[in-house]
Amino acid sequence: MERIEVEGGERLLGEVVIHGSKNAVLPIMAAAVLNKGMTVIHNCPVIADVEYMSDILRNIGCLVTRDGDTIAIDAYNIDNTEPKESLFTKLRASVLLMGALLGRCGEAVIPYPGGCKIGMRPIDLHILALKTLGADVKELDYGISARRIKLSGNVITFSKRSVGATQNAVLAAVYAEGTTIIKNAATEPEVTSLLKCLNGMGAKINGIGTDTVKITGVKSLHDVVYEVESDRIVAGTYVFAAAITGGNVALRKAPFDRMRSTVYRALQLGCGVRQYKDTLVIEGSTRIKPIDYVRTRTYPGFPTDMQSQLMSVLALADGKSVIREEIFENRFTAVKELVSMGADIRIENNTAEVTGVTALKGTTVTASDLRQGAALVIAGLAADGKTIILNSAYINRGYVDICKDLKGLGAKIRWLKADE
Ligand code: EPZ
């Protein structure tokens, strides 16, 4: 089985460059379907989820090529509106092809994207949006069909903030007749970058970055070359890796303006933070301070995608902390493994009480999702002895090469293939 081995105890020192954002590039790849031409995306991370999305685009008729960190998508000829189930269900973001295919071709038949370890992950809000634009949506036994030759602009009001539902609604509304208003839209940076890219393709979208987005339907889009932003969750992961090891790390290309809530938590932990142009310098302290109360929230609040990584650091804090998970119903997936390393964590409903211990001990743990896996790596960096993280393939869905990055900062860490 693929696994990561890490010997704890090394302070991280040095510089690491933050790569492009997984959650920004995936919706832009879906948006390429709307353009009967070329979409070129720079700073595109070489990670499993991007390869999975490329395979789905090829399956519906796109030509997708990669040259280093640049992906080129030629969507001139879309000849399939029913993506292959075995490809589609490999990642959650494939659900965005429902809005893109409906907008481009007037129909989409997609398998249920399925839930995962962190929650049921329903798509009721996605379906609500498409129905509000006039699509005829049917829930079949193996998936969902959505049809409407020409969608009609309308007012979509979301009962809760949803990144994916907002993105799907915008993708479907780009070509809809008239004007669409989305109320209670998600404002995550990965929504903003999609809307900016769509406007770069000739869409007419206003209210970018706010919770009320207005889309005026257009007849066609044109080619675009777009540079994807740095990954704020990867950068935040390395902030907490520096914090737990008491290290001194410079994060080159860190998106400081889009990770303020994470930086604020690092300051609460006792870290020093300095910013030079596009570099964020994190100085961990020898004593990790507890955080009385932190809850995950929609942007610009503390991201749910950073919750497990913070929990690993708080497991070694000098006191008690409370973390409340308010976005997903089952996202304390790191707790069991951290407790097996000696952490003192109690869960009640969606609140975790973390009482810092003086040391974690290295042992064999198992990754069950992307960010929980990253959190176990962080814990291993500070644990006594060796930690082995099984199922580490989850981690390279969102990190280009976490071992190479951390080894470059002095960590004693290596990736082992299944046959090693
Ligand atoms: C995106 O998922 C991200 N994924 C997630 O990152 C991230 O955790 C999440 O946004 C929240 O920020 C990608 O961008 C590919 P949501 P998404 O719709 O769009 C509920 C990672 O590790 N909901 O904002 O699926 C849902 O169950 C991943 O990179 C409905 O109830 O998240 C959740 O409780 C993990 N009905 C909440 O809304 C719906 O129709 C927020 O989900 C849709 C969502």
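These questions and answers cover one sheet and several salt bridges in a predicted model.

Colleague: In what order do the four strands of the open sheet run?
Modeller: The pairing in this sheet is mixed. Its edge strands are S17 (294-295) and S19 (344-348), and each pairs on one side only. The order is S17-S18-S20-S19.

Colleague: Which residue in S20 stands opposite glutamate 348?
Modeller: S19 and S20 (residues 351-355) pair in the antiparallel sense, over five bridges. Glutamate 348 has as its opposite residue in S20 threonine 351.

Colleague: What angle does the direction of helix H10 make with that of S18?
Modeller: H10 (residues 307-314) packs on the sheet. The helix touches S17, S18 (320-324), S19 and S20. Its direction and that of S18 make an angle of about 170°.

Colleague: How many residues apart in sequence are the parts tied together by glutamate 107 and arginine 147?
Modeller: The two form a salt bridge, with the closest N and O atoms 2.5 Å apart. Glutamate 107 lies in strand S6 (residues 107-111), and arginine 147 lies in strand S8 (residues 143-147). The pair therefore ties together parts separated in sequence by 40 residues.

Colleague: Why are arginine 58 and aspartate 55 about one helical turn apart?
Modeller: Their side chains meet in a salt bridge at 2.9 Å, N to O. Both belong to helix H2 (residues 48-59). They are about one turn apart because their spacing in H2 is three residues.

Colleague: Is glutamate 337 buried or exposed?
Modeller: Its side chain meets that of lysine 336 in a salt bridge (3.3 Å, N to O). Lysine 336 counts as exposed, at 64% relative accessibility. Buried means under 20%. Glutamate 337 has a relative accessible area of 9%, so it is buried.

Methods: Residues are numbered from 1 along each chain as its sequence is written. This is a predicted model: local features need pLDDT of at least 70, side-chain atom pairs count only at pLDDT 80 or more; totals for chains, interfaces and linings use all residues. Side-chain values use heavy atoms; hydrogens and water are left out. Two strands pair if DSSP finds at least two bridges between them. Helices (H or I, at least four residues) and strands (E, at least two) are DSSP runs, numbered from the N terminus. Contact means heavy atoms within 4.5 Å. Axes are lines fitted to C-alpha atoms, for helices over the stretch in contact, and angles run from 0 to 180 degrees between N-to-C directions. A salt bridge is a side-chain nitrogen of Lys or Arg within 4 Å of a carboxyl oxygen of Asp or Glu. Buried means under 20% relative accessible area, exposed over 50%, partly exposed in between (1.4 Å probe, protein chains only).
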